[in-house]
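Here's a set of short exercises to help you find your way around a new structure. Have a go at each task before reading the solution below it.

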Amino acid sequence: MNFYQEVFEKNKKWIKEKEATDADFFKHLAEGQSPEILYIGCSDSRVTAEEMTGMNPGQMFVHRNIANLVPNNDSNSASVIEYAIGALDVKHVVVCGHYFCGGVKAAMQAKDLGILNPWLRNIRDVYRFHSAELNTITDEEEKYKRLVELNVEEQCTNVLKTAIFQKHYNMNKTPTVHGWVFDIKTGKLIDLKFDFEEKLKSIQEIYNLGK
Ligand code: ZN
């Protein structure tokens, strides 16, 4: 059996496993979703959303792209955020980056990367905002890891800038916004303890859309 065929065999096995623990598993799944978490992560194949957090289908609304970005003019991530907060009423929004992110590494190189340029420019801007701090780090790997963390915090901030977040948060005090980093070397999920309330206060001096 080749790798492609294996996918369908694994799917059959997965159905059996799910129905063995709950005979109505797929019946319930078809009834609708009410996920608690919106997860925005990297497309990297090593960084799974549900598997590393032990979440089941239906528990997490997921958006993934290269380097877990929430660009201000990206209608894809904006639609996901709008629907997750406005319609699904998620209680938490998570932006999850990861160490050794290829997208972040590419952005650190002074190289023309074609169609990826405008996408990676978002990370290059994160570098520019934080160049004073980053330029003090002499160890390249440490600098790279720090940029991964700063990128997560900037993308969390981009979530805070959206009207749907500000309006919903003003009325309901949810969702809370969290920045995570997945450490590929250990499998550990690190909570960056992003102080979103403090950040929200500071950005609402410019982007107050919550009224
Ligand atoms: Zn990545």
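## Exercises with solutions

By class, what lines the largest pocket? Six nonpolar, six polar and four charged residues do. Keep in mind while you work that this is a predicted model.

**Exercise 1. Describe the largest pocket by its volume, its central residues and the elements around it.**

Step 1: start with the space, which comes to about 300 Å³.

Step 2: look at the lining. It has 16 residues, and N72, F129, E154, N158 and K161 are the ones nearest the centre of the pocket.

Step 3: see which elements give two or more residues to that lining. They are α6 (116–129), α8 (140–160) and α10 (196–203).

**Exercise 2. Do the second largest pocket in the same way, and sort its lining by class.**

Step 1: this pocket holds about 250 Å³ of space.

Step 2: go along the chain and pick out the lining residues: W14, K18, T48, E50, E51, M55, N56 and P57.

Step 3: find the helices behind them. α1 (3–21) and α3 (50–53) supply at least two residues each.

Step 4: sort the lining by class. You get three nonpolar, two polar and three charged residues.

**Exercise 3. Find the donors of the zinc ion, and work out how they are placed along the chain.**

Step 1: list the donor atoms. C42 offers its SG, H98 its NE2 and C101 its SG, at 2.0 to 2.3 Å.

Step 2: write the spacing of the donors as a pattern, which gives C-x55-H-x2-C.

Step 3: place C42 and H98 on their strands. C42 sits in β1 (residues 37–42) and H98 in β3 (residues 92–98), so this pair, 56 residues apart, links distant parts of the chain.

Step 4: are C42 and H98 buried or exposed? Both C42 and H98 are buried, with the cut-off for that word being under 20% relative accessible area.

**Exercise 4. Step back and sketch the protein as a whole.**

Step 1: count the elements, and you'll find ten helices and five strands.

Step 2: box in the C-alpha atoms along the principal axes. The box is roughly 55 × 45 × 30 Å.

Step 3: check inside and outside. Of the 211 residues, 40% count as buried, while the protein exposes about 12100 Å², with carbon and sulfur atoms supplying 53% of that area.

Step 4: look at the contacts between residues at least 6 apart in sequence. Among these, 66% join residues at least 24 apart.

Key:
Residues are numbered from 1 along each chain as its sequence is written. This is a predicted model: local features need pLDDT of at least 70, side-chain atom pairs count only at pLDDT 80 or more; totals for chains, interfaces and linings use all residues. Side-chain values use heavy atoms; hydrogens and water are left out. On a 1 Å grid over the protein atoms alone, a cavity is a set of points where a 1.4 Å probe fits but cannot get out, and a pocket is an open set with protein on both sides within 12 Å along at least five of seven lines; lining residues have an atom within 4 Å of a point. Grid points are joined across faces, edges and corners, and a volume is the space filled by probe spheres set on the points. Helices (H or I, at least four residues) and strands (E, at least two) are DSSP runs, numbered from the N terminus. Ala, Val, Leu, Ile, Met, Phe, Trp, Tyr, Cys and Pro count as nonpolar, Asp, Glu, Lys and Arg as charged, and the others, Gly among them, as polar. Buried means under 20% relative accessible area, exposed over 50%, partly exposed in between (1.4 Å probe, protein chains only). Contact means heavy atoms within 4.5 Å. Accessible areas come from the Shrake-Rupley method with a 1.4 Å probe; for residues, only the protein chains shown count as cover. Donors are N, O and S atoms within 2.8 Å of the metal (3.2 Å for Na, K and Ca); water is not among the atoms, so sites may look incomplete.
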